[in-house]
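Me: I would like to understand how the words used for a structure follow from its values. Could we go through them slowly, one term at a time?

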Amino acid sequence: MTDPIADYLTRVRNAIKARHEVVEVPASNLKKAITRILFEKGYILSYKFVDDGPQGTIKIALKYDRVNKVNAIKSLQRVSTPGLRQYVGYREMPRVLNGLGIAILSTSKGVMTNKEALAQKLGGEVLCYVY
């Protein structure tokens, strides 16, 4: 697998389109950090890290609106790829959907959203856009 982050995002996107309640993805520290951010920002209902075997898995419970059956995540878009890395400074921080969405960045201080990175005046690699 050349791009595990793209695989993670694709599994979540496919589970949303198939209306699954729970999706399982192979774990890594970067994927765990992205999952924590999605939970903190209210895009997923809950998550659980399962340590089975050498790698482990992440179980993610997706969040749906009960009335309209609409998912909280409208779009997951990979920005930086292994073939073309996308780096930004804090002055060029991207705004996703005019501030309604979030960009997840990998910075020198860890994985965080674009708003947190801007507050700390940090730049980094833009991993994905979520809205």
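Reply: Let us begin with a term that we shall need: contact means heavy atoms within 4.5 Å. The model in front of you is predicted, and in this model Pro4, Ile5 and Tyr8 of helix 1 meet Leu30, Lys31, Ile34, Thr35 and Leu38 of helix 2. The residues of this contact divide into 6 nonpolar, 1 polar and 1 charged.

Me: Why are helix 1 and helix 2 called oblique to each other?

Reply: Helix 1, residues 4–17, and helix 2, residues 29–40, pack at an angle of about 40°, and their axes are 10 Å apart. Angles under 35 degrees count as roughly parallel, and 65 to 115 as roughly perpendicular; the angle of about 40° belongs to neither group, and therefore the two helices are oblique to each other. Helix 1 passes helix 2 in a right-handed crossing.

Me: What makes Arg19 and Tyr64 worth looking at together, and how far apart are they in sequence and in space?

Reply: Arg19, which sits in the loop between helix 1 and strand 1, is 45 residues from Tyr64 in sequence, while their C-alpha atoms are 8.9 Å apart in space. With neighbours within four places in sequence left aside, Arg19 is in contact with Tyr64 and Lys69.

Me: Which residues line the largest pocket?

Reply: The lining consists of Arg19, Glu21, Leu45, Leu62, Lys63, Tyr64, Arg66 and Lys69, which divide into 3 nonpolar, no polar and 5 charged. The volume of this pocket is about 170 Å³.

Technical notes:
Residues numbered from 1 in each chain as written. Predicted model: local features only at pLDDT ≥ 70, side-chain atom pairs only at ≥ 80, totals over all residues. Heavy atoms only, no water. Axes fitted to C-alpha atoms, helices over the stretch in contact; angles between N-to-C directions. Helix = DSSP H or I, 4+ residues; strand = E, 2+ residues; numbered from the N terminus. Parallel < 35°, antiparallel > 145°, perpendicular 65-115°, else oblique. Left-handed = near helix turned anticlockwise from the far one by under 90°. Nonpolar A, V, L, I, M, F, W, Y, C, P; charged D, E, K, R; others polar. 1 Å grid on protein atoms, 1.4 Å probe; cavity = no way out; pocket = protein on both sides within 12 Å on 5 of 7 lines; lining within 4 Å. Points joined across faces, edges and corners; volume = space filled by probe spheres on them.
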